[in-house]
Amino acid sequence: MNKNNFDFDETNTPWDDLHEECGVFGIYDLDGNDIASSIYYGLFALQHRGQESAGIAVSDTKQEKVKVFSHKGMGLVNEIFNSEILESLKGDLGVGHVRYSTAGSSTIENAQPLVLNYVKGTLALAHNGNLINANELREGLAQTGAIFQTTIDSEVIAYHIARERLKTKTVQDAVREACKKLKGAYSLVVASPRKLIGARDPFGFKPLCIGKRDNSYIITSETCALDTIGATFVRDVLPGEVVTITSEGIQSDKSMCLPTSCEARCIFEYIYFARCDSKIDGISVYDSRIKAGKFLAKDSPVEADIVTGVPESGNAAALGYSMESGIPYEPAFVKNTYVGRTFIKPKQSSRESSVQVKLNVLREAVAGKRVIMIDDSIVRGTTSDRIVKMLRMAGATEVHVRISSPPFLWPCYFGTDIPAREQLIAYNRSIEDIRKIIGADSLGYLELDRLPQLASGLNICQGCFTGKYPLEPPKDDIRGEYFDKEEDIEKKNSNK
Ligand code: SF4
């Protein structure tokens, strides 16, 4: 999905959720057992990171000439794979991917992992993040004869790895040299004929961790995927580190690492994207959300009868608010989680509301009560407005909204589809203006200076709140589709 193609609801306004771009999962079973089903369950655990497409690519390292078998499709992991497909994916080394797109359209060609056959063998790659120099790199490659199969920046990475491999001694050196050309956010897993490689950009925007189960090594986006397949957590991949799994164990290349003061983890992973039961760089996502709720209770107190969270990410923050304030926590929402890609959204003329289809209020929990409702963010405000109305219709006498992040004021260039500034409710508006628009009795946001404490003092990116990014943002809006036809490249060149 690109920036012009958000999901729309029944009043022709976009769904007001933010989306993560992707989740990655790689595994190498050094005992030679098939791993496709482990990738499947790993991707299933990462489904919250992307619901548009998914794919698995595996290879059998025991064969003399290694071939990659892959299967990709549009939709949820359990819609794309069945036991016969998994059975046909034979191999002990592989990578998988779930995708939500912010660069490149939502098509099967753009689904990952990308598989490349080149003179040095095969390569399967899965990428989470957004590059800010993908257009320049792509143009450079096109000038030297590269023909692209997709419109995603991940293909640019795969091409660069393949080209560097012609000059380097090992494939991990080629990955490192290719990474040196990239600017932006990337957490990668790469399966080359007999190695599993993981790489995280020097800022550490997106998470990446290593796990182990018996004699298998795993490199994946979140620790919840390790728990799901019964693996134990080994450690996080450091920002800027390239790790390589071979029959010798884990090798590490830290030559791209920057001083820790330069690191810039996406704070939104802690606030919203990551699953509550994951840990990122040693910090529990659940604990971060509890902390956010406690800060809100300290900084934005209000008298009320119950505190509740908008599922899922609002729940832990609501619990934190309750712990700090002593106001009882009550789950007041029931969420229908079965809204897949092919779900038919209600039309303008229909009496059903998209928000109500996804979420219902427990009348018994809120009727006659003053309610504090905690949500992770307000993007355009369309959803918040409806949820406040739903609480009032269910009998809430007052609705006080507390948001576990500061107001969004700037776009993101590193993999989150925050819309243009003018569409953000907080742009050019006071908190009081926003309160009136969403119809709440009071409104409070997390204070900006509380953000670093959510990640226990680790260095974070807060660009979408402050407009100060760890990397110079691109001049053009890169969050759309790349030009992908020869005529477009020619046209671009003739305009120079
Ligand atoms: S700009 Fe915001 S959403 Fe984007 S990486 Fe930084 S903190 Fe995350």
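## A sheet, a hairpin and two annotated sites

Strands β12 (residues 242-246) and β13 (residues 249-253) run antiparallel to each other and pair over 5 bridges. Here strands are DSSP runs of E with at least two residues, helices are runs of H or I with at least four, and both are numbered from the N terminus; two strands pair if DSSP finds at least two bridges between them. With 2 residues between them, β12 and β13 form a hairpin, and V243 sits opposite S252 in β13.

A word on the model: it is predicted, with local features needing pLDDT of at least 70 and side-chain atom pairs counting only at pLDDT 80 or more, while totals for chains, interfaces and linings use all residues. Residue numbers start from 1 along each chain as its sequence is written.

**The parallel sheet**

Now to an open sheet of 4 strands, ordered β17-β20-β21-β22 with parallel pairing. Its edge strands, β17 (306-309) and β22 (442-445), each pair on one side only. On average, neighbouring strands of this sheet are turned by 20 degrees against each other, direction ignored. Axes are lines fitted to C-alpha atoms, for helices over the stretch in contact, and angles run from 0 to 180 degrees between N-to-C directions. β17 and β20 are joined in the parallel sense by 4 bridges, and I306 has V371 in β20 as its bridge partner. Helix α14 (residues 431-438) packs on the sheet, where α14 touches β21 and β22 and makes about 125 degrees with the direction of β22. Helix α13 lies across β20 and β21 (398-403), at about 145 degrees to β21. Contact means that the C-beta atoms of two residues, placed from the backbone, lie within 7 Å.

**Two sites from the UniProt record**

Which residues does the unreviewed UniProt entry list as "binding site" along with S313? They are D375 and D376. This trio spans 64 residues of sequence, yet clusters in space with a largest C-alpha distance of 7.3 Å. UniProt positions follow the numbering used here, feature names are shortened, and annotations may be inferred rather than shown by experiment.

The unreviewed entry also places "binding site" at C266, C412, C461 and C464. Those four are spread over 199 residues of sequence, but their largest C-alpha distance is 10.1 Å.

The table shows four of these residues; the contacts leave aside neighbours within four places in sequence.

| Residue | Location | C-beta neighbours within 10 Å | Contacts |
|---|---|---|---|
| D375 | strand β20 (370-375) | 23 | V310, G314, S384, V401, I403 |
| D376 | loop between β20 and α13 (382-393) | 23 | I271, Y272, S313, G314, S404, S405 |
| C461 | strand β23 (460-461) | 25 | F205, A264, R265, C266, I267, P470 |
| C464 | helix α16 | 25 | F408, W410, P411, C412, I418 |

A residue is buried if 20 or more other C-beta atoms lie within 10 Å of its own, exposed if 12 or fewer, and partly exposed in between, with C-beta atoms placed from the backbone. D375 is therefore buried, with 23, and C464 is buried too because it has 25.

**Around the ligand**

The residues around the ligand (C-beta atom, placed from the backbone, within 6 Å of it) are F205, C266, I267, F268, C412, F414, T416, C461, Q462, G463 and C464. Helices α8 (267-273) and α16 (463-466) each contribute at least two residues to this shell. How many residues of the shell are charged, polar or nonpolar? There are no charged residues, 3 polar and 8 nonpolar. In this scheme Ala, Val, Leu, Ile, Met, Phe, Trp, Tyr, Cys and Pro are nonpolar, Asp, Glu, Lys and Arg are charged, and the others, Gly among them, are polar.
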